[in-house]
Amino acid sequence: MYQYKLLSSLKADDFLIDSLGKAELESPLHLSVTDGDDMVNYVPDDERILIQNTIRLGTDNPLGEIRADWSFERAGPREKIYFNPETTTCGIVTCGGICPGINNVIRALVMHLYHSYGVKKILGFKHGYQGLVSEFWHTPVELDPRVVRSIHNLGGTFLGTSRGNQDPKKMVDTLERFKVDCLFTIGGDGTLRGAQGIYEEIKRRGLNISVIGIPKTIDNDLIFVDRTFGFETAFSEAARAIRSANTEAEAAANGIGIVKLMGRHSGYVAAYAALALKEVNLVLVPEQKFSLERIYHLIEDRLKRKGDIVIVVAEGAGQDLLNDGTEE
């Protein structure tokens, strides 16, 4: 995949998370602690998950650059925490394109922060990163279990969204003004780049503010992540569209049904749909280059033999045919 081009620039330290300081407060979760051979409910701070759980000695890694010592910090509750929930203010912001499941994530965050940890002040910043810039005049909304109780039944994002870059200095000014201790950013690559900018400005100022990125991509195209939220819904809806296209194609002489699916840089939605549905006859994805002449021949051959064809196209497929090849 295109993401693996990035691997050559990575090193083990890139998988480490900066710490604000020593965690000294008892967790309010009151889980059992390790006692002899009993099950551990808290996750040790030094426990990590290897990116690959198998290696073959003496052979090249099929992914090229992944090293055996690369690992992620294991998620889960800690026995000791850094922020005091009684005085902590958390912020939530959603950016970029809408995606199935965003409201579920917002709701789950609020419910867990409020009921499990006892955080009583949770702010939802409206309309993406614009909500963190004062001149847009988007007043944050206070979130609690009552406010988010039914939002998982709604589409889109309860907090609203926006696109475009905002000044990290202005956004951190807003975080300081509202005394936000933890900011949860829900979004795709642009949102996470914005979160990186916020983190760097926070670090430059020496502030104790935590930034947590929750990746949102309907394309399922994040490296090292098996499945992102929203992908299952996207795949299910794609299946409905493909079946409809097949019905239309079969009803006409030499009928051609074309379904364009999301996938600017990756063809996961298109590929999964093709694997699951017998109706798909031709799949075009960004990862695989092709010539128009070859596609014409495949379509012509299928129509001669069967009289209809269904083509599934990821939106980024064939981009090299539309420019001189110098664009990423």
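**Core residues and helix packing**

In this predicted model, Leu-143 touches Ile-92, Ile-106, Val-110, Ile-122, Leu-123, Gly-124, Val-148, Phe-158 and Leu-159, with residues up to four places away in sequence left out of the count. Leu-143 also belongs to the largest nonpolar core, which has 23 residues. A further topic is the packing of helix H5 (residues 231–251) with helix H6 (residues 268–276).

**Nonpolar cores**

- Within the 23-residue core, the members that touch the most other members are Ile-92, Ile-106, Leu-143 and Phe-184.
- At least two residues of this core come from each of strand E5 (89–94), helix H1 (102–117) and strand E8 (182–187).
- The greatest contribution to this core is that of H1, with 7 residues.
- Another core, of 18 residues, lies apart from this one and includes Ala-238, Ala-245, Val-259 and Val-310.

**Packing of H5 with H6**

- The axes of helix H5 and helix H6 are 9 Å apart, and the two helices pack at an angle of about 55°.
- H5 is therefore oblique to H6.
- The crossing in which H5 passes H6 is right-handed.
- On the H5 side, the contact is made by Phe-231, Ala-234, Phe-235, Ala-238 and Ile-242.
- On the H6 side, Tyr-268, Val-269, Tyr-272, Ala-273 and Ala-276 make the contact.
- The residues of this contact comprise 10 nonpolar, no polar and no charged.
- Ala-238 of H5 takes part in the contact with H6 and is also among the members of the 18-residue core.

Key: Residues are numbered from 1 along each chain as its sequence is written. This is a predicted model: local features need pLDDT of at least 70, side-chain atom pairs count only at pLDDT 80 or more; totals for chains, interfaces and linings use all residues. Side-chain values use heavy atoms; hydrogens and water are left out. A nonpolar core is a set of buried Ala, Val, Leu, Ile, Met, Phe, Trp, Tyr and Cys residues joined through side-chain atoms within 4.5 Å. Buried means under 20% relative accessible area, exposed over 50%, partly exposed in between (1.4 Å probe, protein chains only). Helices (H or I, at least four residues) and strands (E, at least two) are DSSP runs, numbered from the N terminus. Contact means heavy atoms within 4.5 Å. Axes are lines fitted to C-alpha atoms, for helices over the stretch in contact, and angles run from 0 to 180 degrees between N-to-C directions. Angles under 35 degrees count as roughly parallel, over 145 as roughly antiparallel, 65 to 115 as roughly perpendicular and the rest as oblique. A crossing is left-handed if the near helix is turned anticlockwise from the far one by less than a right angle, and right-handed if clockwise. Ala, Val, Leu, Ile, Met, Phe, Trp, Tyr, Cys and Pro count as nonpolar, Asp, Glu, Lys and Arg as charged, and the others, Gly among them, as polar.
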